[in-house]
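Let's take a walk through this model together, starting with the whole chain and ending with a few backbone details. Keep the viewer open as you read.

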Protein chains: 2
Amino acid sequence: MMAERRKKLGRGVAIVGAGMSNFGTRPDMTTRELFAEAFVEMLNSVDKGINPKDIEALIVGNTGAEFWESQTSVAVICADATGLNPAAALKTEDACASSSVAVRQAMMGVASGMYDVILAGGTERMSSLPGDWTTMAIAGGSDTTYESSVGFTFPGLYAALARAHMETYGTTHADLLNIAIKNHSNGALNPKAHFPSSIKDVMDMRKNQAIKKGKPVPNWNDEMEFLNDQKYNPIIAWPNTLFDCCPVTDGAAAILIVAEDIAKDFTDTPIYIVGSGQASDRALHDRETLTSLPSARMAARQAYEMAGVTPKDIKIAEVHDCFTIAEALAVADLGFFEEGLEAARAAAEGKTSRDGRIPVNVSGGLKCKGHPVGATGAAQIVEIFEQMRGKAGDRQVKNMDIDLALTHNIGAHGTTAVVQIYERR
Amino acid sequence: MMAERRKKLGRGVAIVGAGMSNFGTRPDMTTRELFAEAFVEMLNSVDKGINPKDIEALIVGNTGAEFWESQTSVAVICADATGLNPAAALKTEDACASSSVAVRQAMMGVASGMYDVILAGGTERMSSLPGDWTTMAIAGGSDTTYESSVGFTFPGLYAALARAHMETYGTTHADLLNIAIKNHSNGALNPKAHFPSSIKDVMDMRKNQAIKKGKPVPNWNDEMEFLNDQKYNPIIAWPNTLFDCCPVTDGAAAILIVAEDIAKDFTDTPIYIVGSGQASDRALHDRETLTSLPSARMAARQAYEMAGVTPKDIKIAEVHDCFTIAEALAVADLGFFEEGLEAARAAAEGKTSRDGRIPVNVSGGLKCKGHPVGATGAAQIVEIFEQMRGKAGDRQVKNMDIDLALTHNIGAHGTTAVVQIYERR
């Protein structure tokens, strides 16, 4: 076997624009309309402007327009909606990592010399089907021969990972719920989030609903008491309760990727992609461990090596928290914390909060910002782009020079992982 | 607007292995099993051998496993079936051009410096659904808002293109049927073809069936008389009769793509990718012409410019003949013949036959070899790889030094086009 070679790009690649649609349940919007909304936001983010005619190619991450709209060829449909024809248009799919993959492919497209300016992003209209159909469509991201066909859906697959963590390390459900509390506290500051509400906001809403209906008003002492009230936070697949799970979200995101040598034509503060890794894995029954995602560890190692940095150098990270356990795994797989209780309790102990040692998911994460699966990876990059340029509004991380940041995006239950590292020079 | 820049790769890219599964109706085979069959054929084609552990990434074209198997994440499923985990695995989708796109992305992955060895290909298991479901699933490649939702399916969309050609140029149905006759005559020599039969073979089969059943034996004087017999060649969507249409095929193909500087480690006769182009287009109602595919013209121009060659330099071509009219459009869009009757009658006049001026679809084409949509582009390259290396068996093109060849792969009804040029040095 060849020695694993340090990945190195033929030329540098920069992000000079990034935008996302509002996230939420948006029954009035089709897949292409969501993408067009993100596209316009991206255009508005380019400091020195961009003529759309200069965009040479379009790579769109999307997971299930086949299910939601009976539509394949999503990328050319998005090219039509954004007026980008005859630019080359293609779709990438790797379940929930589809748009990180799109960005990675765009990076290689520019680094290869084939293109100077590429639009990459993702779009997903998920709320068009009845709930149980949606659950089954999403389950298509698992191994349908070994997993979904025998009854596994994603809350169950991640519940298996959570149970393994609890058994191995003594992790508690409260540890996991603290991840949700933190991410809702971040998302409450994000006007584009699916749920721009802290858990306290949710509690107030529930109380007001009870008052309006003339019913007994619940009297929880704190968030944890509310989250342990099964009437308001029912079990989905133990230990995943409703508030351990991300929502089903409609949304899109778009990223403008250009060659390093022309980046300053678009902005004085480009964000450079300096590290990128991707790896795959098998179905859950075929793995050697359930307390980490080996694909994420390999992708992280590749990204760190390519960037020539270590986990300690990363200032903030957006990680894949489709379920609370996923963030507990992520912060260990990325080397921020030790696998086990240290990682699982990082949120509870404030280490990953906005003013913590390493702020994680300051956008609100998938849990609160929302998880339009094919758009999620690109939307993580939108947050990183805004934070690194000091333009994240109320949720801007303060007292920190964010010169290096990271995104961690998982496909399915770790059958794909993409980790990327960004630099502001 | 920036001037259109001549595309140039950061480093050269070569194909050193190529294999395909048997094409046909294969109800016993899943999407991943088809891909594994092609993978083994690819392994066997590498002259000096390849250790699968040296394959760093896997890009799989696939159009509709969501429909056929409720499966997303197809690439990681194929990585599992071929033992390629933890290699990075991703799916590309652009309707029927999905695997040409996969190969193109692999080319950029290698040219970018990120990878040295990538497996690209495609797989499609299409025959698992009832016929009308299949027709609707395929129609998902059109614009579902403007086309399939108002009743258009692909035989109809291409019929519209054929009718426009007839009205504009006086093209006859016989001109189109001669394309089918030529491609079946080629495919009869291809043991992996869905229909390894000439039209004469089909006529004999029909006669024998009549004899066995004790029915009157039809007495056609030639192929054209048979093809005009609506009992045996019914109209699907005029002027597309059954024999104007490609079949619904299960199949897969796999291509091994490496950096130029290590190509000779795998074979003494690598095939270099020297030109590549891709463009997109809008739905049919939104085009300025119906007698050519503008996306194909642009992709061809890009590929020729990148390779620094002209249509006259190309020795053989595999082109996208999902319907007979598609080949008539292709040979004009590629600049081999003039748009109109010259292009439409090239097959009838023997100019594109195995011993013609430029042999087109010596594999049998989509029409006869079969069209497993996500695998078709890669399968075209398998044919080119074998022909350029003189290993195409009975259908090897003779008396010609095939130093330059071309593939032309269309997504949907020209909403995507990929044209690539290959060189043997």
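In this predicted model, buried residues account for 67% of the 425 residues in chain A. Contacts tell a related story: among those in chain A with a separation of 6 or more, 76% are between residues 24 or more positions apart. The accessible surface of the chain is about 13,900 Å², and carbon and sulfur atoms contribute 51% of that area.

Now step back to the overall fold. Chain A is built from 14 helices and eleven strands. Its radius of gyration is 20 Å, close to the 22 Å that the globule rule gives for 425 residues, so chain A is as compact as a globular protein of that length. Along the principal axes, its C-alpha atoms fill a box of roughly 60 × 50 × 50 Å. The chain carries 41 positive and 52 negative charges, and the mean positions of these two sets lie 3 Å apart.

For a look at one helix, turn to H6 of chain A, which covers residues 154-169. Its 16 residues reach 22 Å from the first C-alpha to the last, close to the 22 Å expected at 1.5 Å a residue. Which residues of this helix are buried? Among them are A:Phe154, A:Pro155, A:Leu157, A:Tyr158, A:Leu161, A:His165 and A:Met166. Just after the helix comes A:Gly170, with a positive phi near 75 degrees.

Two loop residues are worth a stop next. A:Ser198 sits in the loop between helix H7 (173-187) and helix H8 (199-212) of chain A. With a relative accessible area of 15%, A:Ser198 falls under the 20% cut-off and therefore counts as buried. Leaving aside residues up to four places away in sequence, A:Ser198 touches A:His184, A:Ser185 and A:Ala188.

The other stop is A:Asp54, in the loop between helix H1 (31-45) and strand E2 (57-61) of chain A. A:Asp54 is buried too, because its relative accessible area is 12%. How far apart in space are A:Asp54 and A:Ala87? The two are 33 residues apart in sequence, and their C-alpha atoms are 9.3 Å apart.

Let's finish with the backbone. Most residues other than glycine have a negative phi, and most peptide bonds are trans. Against that background, a few places in this model deserve a look.

A cis peptide bond, with omega about 5 degrees, joins A:Asn85 and A:Pro86. A:Pro86 belongs to the loop between helix H3 (74-81) and strand E3 (88-93) of chain A. Another cis bond runs from A:Trp238 to A:Pro239, where omega is near 10 degrees. You will find A:Pro239 in the loop between strand E5 (235-237) and strand E6 (240-241) of chain A.

As for phi, A:Asn361 is not a glycine, yet its phi is positive, at about 60 degrees. A:Asn361 lies in the loop between helix H12 (341-344) and helix H13 (365-369) of chain A. Is A:Asn361 buried or exposed? Its relative accessible area is 0%, so A:Asn361 is buried.

Chain B offers an example as well: B:Ser73, also not a glycine, has a positive phi of about 55 degrees. B:Ser73 occupies the loop between helix H2 (65-69) and helix H3 (74-81) of chain B, and B:Ser73 is buried, with a relative accessible area of 1%.

Technical notes. Residues are numbered from 1 along each chain as its sequence is written. Chains are lettered from A and ligands numbered from 1 in the order in which they are written. This is a predicted model: local features need pLDDT of at least 70, side-chain atom pairs count only at pLDDT 80 or more; totals for chains, interfaces and linings use all residues. Side-chain values use heavy atoms; hydrogens and water are left out. Helices (H or I, at least four residues) and strands (E, at least two) are DSSP runs, numbered from the N terminus. The radius of gyration is taken over C-alpha atoms; the globule rule is 2.2 Å times the number of residues to the power 0.38. Buried means under 20% relative accessible area, exposed over 50%, partly exposed in between (1.4 Å probe, protein chains only). Contact means heavy atoms within 4.5 Å. Accessible areas come from the Shrake-Rupley method with a 1.4 Å probe; for residues, only the protein chains shown count as cover. Lys and Arg count as positive and Asp and Glu as negative; His and the chain ends are not counted. The place of a charge is taken as NZ of Lys, CZ of Arg, CG of Asp or CD of Glu. The expected span of a helix is 1.5 Å times one less than its number of residues.
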